[in-house]
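Welcome! Here is a short tour of a protein chain, written for someone who is new to reading structures. Take a moment to look over the sequence and the picture before reading on.

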Amino acid sequence: MKKPFLTIIVVTSLLLWNMAAVAGPKEVLDRDCTAAKAARNTAMKATVSAGGPCGPADAAKDTAKEAVGLDEKKEKKKGLLKK
């Protein structure tokens, strides 16, 4: 009788943990991808079949954001950046 109850508790806790991880703030997970990081990750994926989260598309997007100053505009709008 204790085994099904324990199974229900474990499954429920795992589901809640997963939902909390998915619903977390995206800004914390957003990393700055540069061309060097993208090249290193692409080379790692080609050799060891495992690499980091940065790819060429992410590097291009982050470089464009930096060139336009999009992050600074967001921070200024939120009141985080003072100039």
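The points below go from the whole chain to its helices and then to a few residues.

This is a predicted model, and its chain comes to five helices and zero strands. The average pLDDT over the chain is 75, so it helps to keep the predictor's confidence in each residue in mind as you read.

**The chain as a whole**

- Reading along the sequence, you meet the pattern α-α-α-α-α.
- The chain has 83 residues, and buried residues make up 10% of them.
- About 7,400 Å² of the chain is exposed, and carbon and sulfur atoms supply 67% of that area.
- Of the contacts with a separation of 6 or more, 27% are between residues 24 or more positions apart.

**Confidence along the chain**

- A pLDDT of at least 70 is reached by 70% of the residues.
- Which element has the lowest mean pLDDT, and which the highest? Helix α2 (residues 26–29) has the lowest, at 54, while α1 has the highest, at 84.

**Helix α1 and its nonpolar patch**

- Helix α1 covers residues 2–22, and Leu14 is found in it.
- Leu6, Val10 and Leu14 make a nonpolar surface patch of about 290 Å².
- Is Leu14 buried or exposed? Leu14 has a relative accessible area of 58%, so it counts as exposed, because the cut-off for exposed is over 50%.
- As a rule, an α-helix has 3.6 residues a turn, so residues three or four places apart point the same way.

**Helix α3 and what comes after it**

- Helix α3 covers residues 35–48, and its 14 residues reach 20 Å from the first C-alpha to the last, close to the 20 Å expected at 1.5 Å a residue.
- Just after α3 comes Ser49, with a positive phi of about 65°.
- Asn41 lies in α3. With 5% relative accessibility, Asn41 counts as buried, because buried means under 20%.
- Leaving aside neighbours within four places in sequence, Asn41 is in contact with Gly51, Gly52, Pro53 and Cys54.
- Lys45 is also placed in helix α3. Its relative accessibility is 45%, so Lys45 counts as partly exposed.
- Which residues does Lys45 touch, not counting those up to four places away in sequence? They are Ala50, Gly51 and Gly52.
- Gly51 and Gly52 therefore appear in the contact lists of both Asn41 and Lys45, where contact means heavy atoms within 4.5 Å.

**Helix α4 and its end**

- Helix α4 (residues 56–68) has 13 residues, and the distance from its first C-alpha to its last is 18 Å, close to the 18 Å expected at 1.5 Å a residue.
- Gly69 follows α4, and its phi is positive, near 80°.

Definitions and conventions: Residues are numbered from 1 along each chain as its sequence is written. This is a predicted model: local features need pLDDT of at least 70, side-chain atom pairs count only at pLDDT 80 or more; totals for chains, interfaces and linings use all residues. Side-chain values use heavy atoms; hydrogens and water are left out. Patches are made of residues with over 30% relative accessible area and no salt bridge: like charges are joined within 9 Å, nonpolar side chains (Val, Leu, Ile, Met, Phe, Trp, Tyr) within 5 Å. Accessible areas come from the Shrake-Rupley method with a 1.4 Å probe; for residues, only the protein chains shown count as cover. A salt bridge is a side-chain nitrogen of Lys or Arg within 4 Å of a carboxyl oxygen of Asp or Glu. Helices (H or I, at least four residues) and strands (E, at least two) are DSSP runs, numbered from the N terminus. Buried means under 20% relative accessible area, exposed over 50%, partly exposed in between (1.4 Å probe, protein chains only). The expected span of a helix is 1.5 Å times one less than its number of residues. pLDDT is the predictor's confidence in each residue, from 0 to 100.
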